[in-house]
Amino acid sequence: MKKYLFIMMAFLLTVLVACSDDSASNDTDQNTDSEDSSESTEPKQGGNVNIPIVGDPIFNPWHPNAYAESNIVNRVLFQGLTKPGLDNLPAPSLAEDWTPSEDGLVWTFNLKEGVKWHDGVEFTADDVAFTFNDLVLNASLGSNGASNYKAVKEVVVVDPHTVEFHLDRPFASLPAYLAFNSEILPAHKFEGVENPWEYTEFNKEAPVGTGAFQFDTYTSGQSLTLKRFDDYHNGAANIETVTFKILPDVNTQIAQVLSNELDAFALEDTSSLKRLESADNLEIVTSDTTRYFWIATDLTNPLFQDVKVRQAMLHAIDRQAIIDSVLSGYGTIANSAITPDQEGYFKEDLPTYEYNVDKAKALLKEAGWEDTNGDGILDKDGKDFSFEFDIALQGDLEQMAVLVQQYLIEVGFDVKLNTLEWNAMIQKNIIERDFDMILNWWAYPTDPDVLAQYHSSNAGTGNNIPGYQNEELDALLEQGQSVGDPAERKEIYDQVQVHMAENLPYLYLWYPQALSVRSDRLQNVPDLHFGGTLHYINEWWVK
């Protein structure tokens with residue numbers, strides 16, 4: 001464990017900073033403050049917490065369609081070998097400790113004993129081996145997140161409480177990735193199942209995990225209720241039930257949290273921020289997060305293959321204006337995938353693309369695109385530059401997309417906006433790779449290893465959504481994942497960021513600051529972004 005911490009401390013240098021609005025407490029007299037402080041040290045048992053999600057979840061973190069709304073639920077139902085620590089380093093979860101071999105090609109994880117699945121069966125190393133060998137590493141299945149584990153060759157069971165991850169190349173950030181949407185599934189529940197993605201009884205009806213809460217009731221399109229698992233290995237949770245309310249409309253979410261019908265969620269739409277900040281029953285928590293927003297163009301489409309076109313598109317978009325208006329200023333312009341919270345690796349002096357309509361038009365002209373017939377639309381060889389822009393109805397994505405569309409139309413692109421329900425977007429854009437252009441985000445562990453989102457081997461089926469392929473970048477990403485020396489690693493990721501900024505595999509938009517809404521009923525919630533707090537939901541309590 002000491003050896004691991006020494007290695008990982010070099011890689012993960014930043015701590016999430018969270019601050020909260022304490023204006024409500026300013027109106028409370030000193031005696032009440034003292035009483036509240038005393039109460040907060042004594043957790044109460046019972047109560048229900050209401051959390052919104054934007055669509056029906058899939059109770060399987062590896063299912064190809066399991067994304068944002070499913071991740072929130074699955075972090076409560078299931079557990080990974082590690083979890084994000086309060087210090088931003090990987091912390092023990094189903095594994096108690098872990099160590100790499102001298103050559104970095106084997107990681108040994110010692111598993112916690114006495115852990116039970118929700119059906120009473122004991123958790124063992126066989127479950128870890130099944131999850132990775134049979135699901136994640138089975139290329140024919142296309143597991144969600146499998147592209148994060150391209151360096152893993154196999155998982156070997158040493159004994160019932162010890163596993164080894166055998167690698168094709170060193171994978172320094174393995175413990176960090178195991179803490180990120182990589183929950184373990186029960187091998188015994190999948191015995192005899194030919195296609196794990198069509199296993200409706202588990203994935204949609206009656207999941208079995210090791211988390212602090214177990215499945216209770218579910219009505220599609222309405223709500224999911226989880227109840228406290230009394231045999232949870234870290235001790236039964238304080239809260240009795242957690243209800244996930246399926247609310248795709250952000251205005252409904254805002255109305256319900258203001259009327260005490262919701263308790264906690266990530267605020268993805270800041271248009272109601274002032275109302276929320278002035279509410280006596282709420283707290284707004286800001287925190288840094290390893291996340292960046294992007295536009296992905298289909299790089300198999302000749303329209304977007306010229307880098308000058310992609311550079312022109314960024315020059316055409318006033319990113320700062322969108323940050324100021326849609327994000328209420330809670331963000332900074334992005335130029336690569338490496339986020340500012342990674343202070344040891346973030347490179348500030350990168351090529352950037354300031355808002356400049358004339359420069360955008362000049363680059364397009366160099367690429368052969370001009371409005372030759374005066375209809376306001378760029379054309380080349382008799383073909384208009386026309387494409388569809390798909391956007392999911394989630395948070396403030398549509399507001400962002402409408403502005404981006406307007407900016408692109410201004411320089412001559414013929415852009416048609418196509419809105420999709422969240423799960424429909426996942427199926428069309430991510431699973432089927434059917435899109436011209438989309439706007440979304442990536443979140444990942446606080447480590448500069450972004451191989452999954454950019455390596456050529458992940459184009460078409462993995463997390464490389466645009467389908468960008470470049471041997472030079474592939475080599476740099478493989479080196480960065482393998483190297484242990486922090487100084488050498490920084491040199492590599494400096495080159496990675498320069499390549500990204502110059503070649504624009506994605507069109508980088510902004511690094512948002514995470515905003516979380518919390519009811520003042522909730523106590524002992526760690527000062528992390530909302531998704532991170534769910535790993536500690538067993539410690540929450542309701543006053």
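This short talk covers salt bridges and one cavity in a predicted model.

Salt bridges come first. Searching the whole structure turns up 12 of them. I'll walk through several.

Start with D263 and R521. Their side chains meet in a salt bridge, at 3.0 Å from N to O. This pair links distant parts of the chain, 258 residues apart. D263 sits in the loop between α7 (250-258) and β12 (264-266). R521 sits in the loop between β22 (514-519) and β23 (522-523). So loop meets loop here. Now, buried or exposed? Take D263. Its relative accessible area is 2%, so D263 is buried. R521 comes out at 26%, and therefore counts as partly exposed. The cut-off for buried is under 20%.

Next, E268 and R291. They form a salt bridge too, with the closest N and O atoms 3.1 Å apart. Where do the partners lie? E268 is in the loop between β12 and α8 (273-278). R291 is in strand β14, residues 291-297. The two are 23 residues apart, and the pair again links distant parts of the chain. E268 has 18% relative accessibility, so E268 counts as buried. R291 has 11%, so R291 counts as buried.

Third pair: D390 and K428. Their side chains meet in a salt bridge at 2.5 Å, N to O. D390 belongs to strand β18, residues 386-392. K428 belongs to helix α13, residues 422-431. That is a strand-to-helix link between distant parts of the chain, 38 residues apart. Both D390 and K428 are buried. There is a further partner to name. D390, K428 and D434 are linked in a network of salt bridges.

Now to cavities. A probe the size of a water molecule, rolled over the atoms, shows where empty space is left. How many cavities of 30 Å³ or more are there? The count is two. I'll take the second largest. It holds about 30 Å³ of space.

Which residues line the second largest cavity? They are A264, S516, R518, L522, V525, F530, T533 and W540. Two elements give two or more residues to this lining: β22 and α17 (530-533). By class, the lining has five nonpolar residues, two polar and one charged.

One last look back at the first salt bridge. R521 lies in the loop between β22 and β23. And β22 is one of the elements giving two or more residues to the lining of the second largest cavity. On the other side of that salt bridge, D263 is in the loop between α7 and β12. A264 is among the lining residues of the second largest cavity.

Key: Residues numbered from 1 in each chain as written. Predicted model: local features only at pLDDT ≥ 70, side-chain atom pairs only at ≥ 80, totals over all residues. Heavy atoms only, no water. Salt bridge = Lys/Arg side-chain N within 4 Å of Asp/Glu carboxyl O. Helix = DSSP H or I, 4+ residues; strand = E, 2+ residues; numbered from the N terminus. Buried < 20%, exposed > 50% of the residue type's maximum accessible area, 1.4 Å probe, protein only. 1 Å grid on protein atoms, 1.4 Å probe; cavity = no way out; pocket = protein on both sides within 12 Å on 5 of 7 lines; lining within 4 Å. Points joined across faces, edges and corners; volume = space filled by probe spheres on them. Nonpolar A, V, L, I, M, F, W, Y, C, P; charged D, E, K, R; others polar.
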